[in-house]
Amino acid sequence: MGTIIQTIHDIGNLLGQKMYADAFSMTTGLLSDTIYTYLLIPLLLGIGIFYTFKIKGGQITNIGHAIKLISKPAEDKNSISPFKAFTISAASHIGTGNIVGVAAAVSIGGPGAVFWMWVTALIGGASSFVENTLGQVFKERNPDGTFKGGPAFYMEKALGKPKLAALFSVVIAIVYGINFNAMQANTIAAGFNSSFGLDKKIVAFVLIILAGLIIFGGLRRIADVTSLLVPFMAIIYMAVVLFIVIKNIALIPHMFGLIFEGAFSLKAGFGGLFGTAILNGIRRGLFSNEAGMGAVPNASAVADVSHPAKQGLIQALGVYLDTILVCSATAFVVILSGEGIYASDLKGLEITQAALANEVGSWSNYFLTFCVLMFAFSSIVGNYYYGENNILKLNFGKNALNIYRVIVLIAVILGCVGDFSIVWNTGDVFMGIMAVINLVVLIFLGKISVGVYNDYMKQLKEGKDPVFNPEDVKELKPYLDKITAWNKR
């Protein structure tokens with residue numbers, strides 16, 4: 001509390017000196033830290049734990065089943081398959097945070113942060129299941145046979161709050177499609193400028209051509225691109241990490257020793273609000289996979305499945321792919337590189353660069369630049385779709401989507417050539433507010449997903465390939481007239 005009071009005092013001094021930009025930056029930073037630490041983390045963990053009990057740990061016990069589900073084709077050949085819907089969301093949340101954010105978490109919280117990152121992912125899988133199942137239940141069918149859905153849809157239909165739904169749509173369209181995409185573009189341009197001396201304006205030109213070709217192609221082209229790009233980038237990055245792990249196989253027991261010792265040591269556990277290891281592990285886990293934060297359902301709702309719980313389980317699997325697999329890959333490389341690197345004065349990307357260079361040589365800087373390009377570009381595509389989905393929800397007319405696409409491309413250009421730290425801080429605050437809104441909604445509507453899960457498991461135990469009939473789920477009785485996408489089953 002003393003730190004908050006001191007920060008407010010500092011903001012007042014900056015305003016008195018008419019240093020408005022610095023005051024605004026410090027204000028957004030204070031709001032972000034307050035929202036995330038005192039609201040978002042307790043909500044995410046509390047809701048995740050609650051629904052883990054309600055579905056009896058189904059997000060974990062059904063991992064093998066979810067892996068089988070992900071390869072199933074769409075129910076209708078004109079629709080989007082579960083895998084393609086999965087890769088749209090994965091494209092968004094598997095981003096530069098998996099490289100930069102994880103390194104920062106280990107640097108600040110020590111190796112023990114990794115353990116709490118894992119715990120958070122396992123719990124977050126339940127929140128992910130709940131929100132993505134809701135998105136599937138209340139999705140709508142497009143004229144071309146595809147679907148659209150997400151938090152704005154279940155806020156309006158199940159919660160009966162159309163104004164809240166509209167506010168949510170506006171915020172997510174701005175934050176993801178514009179703010180975050182400007183920052184992803186900034187990361188790409190800075191990386192290529194630093195590694196290859198490439199002019200940022202050239203990077204901007206190439207980016208808007210590539211991004212424009214994809215986003216103006218609509219949902220189908222976005223799904224086709226992400227279904228190729230996401231597996232490719234994940235396999236390449238994991239292959240290099242696997243090589244490093246094998247190279248240091250004798251150090252693996254020591255590495256895990258550091259992780260578990262750091263997770264439970266008194267220094268880590270009681271050295272701050274929840275302990276630096278706990279706090280940083282939780283933050284990185286939650287904010288990397290976005291479980292419960294209201295973003296992913298915008299993509300997962302497009303999947304054509306026979307039962308909503310199928311995509312709910314698949315998206316829970318996405319939490320583990322992001323955090324336990326990709327984030328852990330970065331963490332392992334950083335920890336294996338030694339305390340001399342991750343406990344040094346290096347920051348974020350610099351830590352991962354130094355760790356890779358230490359293990360495989362200086363060529364890794366170019367490799368990491370390529371990985372940043374792949375991760376950040378895929379995020380631009382995935383983030384854009386979140387915005388598109390919500391622009392369609394707002395029903396602004398047939399020209400609104402094309403205008404939005406142009407604005408997104410302008411944001412990419414400005415992100416490449418400008419300093420968007422203030423925009424990033426503002427977006428961070430609004431994403432926190434957006435997530436708090438969605439999580440509060442999940443408290444009221446999560447019982448629907450639990451009922452849908454029970455219906456799914458009942459059919460599965462009877463040896464059936466579960467098919468959704470809303471009338472079979474008692475929790476859906478008050479909402480049957482709001483469920484429109486399943487009436488052609």
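**Reading a predicted chain, one feature at a time**

Tutor: Start with helix α9, residues 162–196: its 35 residues reach 49 Å from the first C-alpha to the last, close to the 51 Å expected at 1.5 Å a residue. The expected span is 1.5 Å times one less than the number of residues. Helices (H or I, at least four residues) and strands (E, at least two) are DSSP runs, numbered from the N terminus. The model is predicted: local features need pLDDT of at least 70, side-chain atom pairs count only at pLDDT 80 or more, and totals for chains, interfaces and linings use all residues. Residues are numbered from 1 along each chain as its sequence is written, and side-chain values use heavy atoms, with hydrogens and water left out.

Student: Where is the kink in α9 centred?

Tutor: A bend at a residue is the angle between axes fitted to the seven residues ending there and the seven starting there. In α9 there is a kink of about 30°, and its centre is N181. After α9 comes G197, which has a positive phi, near 70°.

Student: What does S195 touch?

Tutor: Contact means heavy atoms within 4.5 Å. S195 lies in α9 and, not counting residues up to four places away in sequence, touches N365, Y366 and T369. Between the C-alpha atoms of S195 and F370 there are 9.9 Å in space, although 175 residues separate them in sequence.

Student: Is S195 buried or partly exposed?

Tutor: Buried means under 20% relative accessible area, exposed over 50%, and partly exposed in between (1.4 Å probe, protein chains only). S195 has a relative accessible area of 22%, so it is partly exposed. L321, in helix α16 (residues 308–337), counts as partly exposed because its relative accessibility is 23%. Leaving aside neighbours within four places in sequence, L321 is in contact with F86, I94 and V326. L321 and A234, 87 residues apart in sequence, are 9.5 Å apart from C-alpha to C-alpha.

Student: Why does N248 count as buried?

Tutor: N248 counts as buried because its relative accessibility is 10%. N248 sits in the loop between α11 (218–247) and α12 (252–264). Outside its neighbours within four places in sequence, N248 is in contact with L336 and E359.

Student: How many salt bridges does the structure hold?

Tutor: A salt bridge is a side-chain nitrogen of Lys or Arg within 4 Å of a carboxyl oxygen of Asp or Glu. The structure holds six. One of them joins the side chains of K157 and E140 at 3.3 Å, N to O. That pair links distant parts of the chain, 17 residues apart: K157 is in helix α8 (residues 151–157) and E140 in strand β1 (residues 140–141). K157 counts as buried because its relative accessibility is 13%, whereas E140, at 23%, counts as partly exposed.

Student: Which residues are linked in a network of salt bridges?

Tutor: K458, E462 and K464 form that network. E462 meets K458 at 3.0 Å, N to O, and K464 with its closest N and O atoms 3.1 Å apart. E462 is partly exposed at 43% relative accessibility, and K464 is partly exposed at 46%.

Student: Which residues have the most contacts inside the largest nonpolar core?

Tutor: In soluble globular proteins, nonpolar side chains tend to be buried together. A nonpolar core is a set of buried Ala, Val, Leu, Ile, Met, Phe, Trp, Tyr and Cys residues joined through side-chain atoms within 4.5 Å. The largest one here has 141 residues, and F138, Y176, Y237, I448 and L476 have the most contacts inside it. Beyond four places in sequence, the contacts of F138 include F153, Y154, K157, I448 and L476.

Student: What is the mean pLDDT of the chain?

Tutor: pLDDT is the predictor's confidence in each residue, from 0 to 100. The chain has a mean of 80, with 84% of its residues at 70 or more. Among its elements, α8 has the highest mean, 91, and helix α13 (residues 266–269) the lowest, 44. Over residues 266–274 pLDDT stays under 50, and the model has 13 contacts beyond four places in sequence for that stretch.

Student: How many helices and strands does the chain come to?

Tutor: The count is 21 helices and two strands. Of the 489 residues, 58% count as buried. Among contacts with a separation of 6 or more, 82% are between residues 24 or more positions apart.
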